[in-house]
Amino acid sequence: MTGEEVFNYVASGRRLPRTSSMNSEVYNVMLQCWQENPSKRPTFRSIASWAETVAYDH
């Protein structure tokens, strides 16, 4: 896929599906990061905090 094709794919609202080996929590954070509206995306701080919590829980 070229850069332009990736841009068009994402710009049209499409996202890659979650693979069977991907944790659903990680996938949900990934989807949040791809929100079109930047104000709806998680901050780096919130992602880091979430990752810390997940690391300690596992």
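Biologist: Over residues 1-48, what percentage of the chain is helix, and how far apart are the end C-alpha atoms?

Modeller: The model is predicted, with local features needing pLDDT of at least 70 and side-chain atom pairs pLDDT 80 or more, while totals for chains, interfaces and linings use all residues. Residues are numbered from 1 along each chain as its sequence is written, and side-chain values use heavy atoms, leaving out hydrogens and water. UniProt, in an unreviewed entry, lists residues 1-48 for "domain: Serine-threonine/tyrosine-protein kinase catalytic". Over this stretch strand accounts for 0%, helix for 50%, and the end C-alpha atoms are 30 Å apart.

Biologist: Which element of the chain has the highest mean pLDDT?

Modeller: Helices (DSSP runs of H or I, at least four residues) and strands (E, at least two) are numbered from the N terminus. The chain has three helices and zero strands. On pLDDT, the predictor's confidence in each residue from 0 to 100, helix 3 (residues 44-57) has the lowest mean, 90, and the highest, 94, belongs to helix 2 (residues 24-33).

Biologist: What radius of gyration does the chain have?

Modeller: This quantity is taken over C-alpha atoms, and the globule rule is 2.2 Å times the number of residues to the power 0.38. The C-alpha trace spans about 40 × 30 × 15 Å along its principal axes. A compact globule of 58 residues would have a radius near 10 Å, whereas the chain has 14 Å.

Biologist: What percentage of the 58 residues is buried?

Modeller: Buried means under 20% relative accessible area, with a 1.4 Å probe and protein chains only. By that criterion, the buried share of the 58 residues is 5%.

Note on methods: Buried < 20%, exposed > 50% of the residue type's maximum accessible area, 1.4 Å probe, protein only. UniProt positions renumbered as here; feature names shortened; annotations may be inferred.
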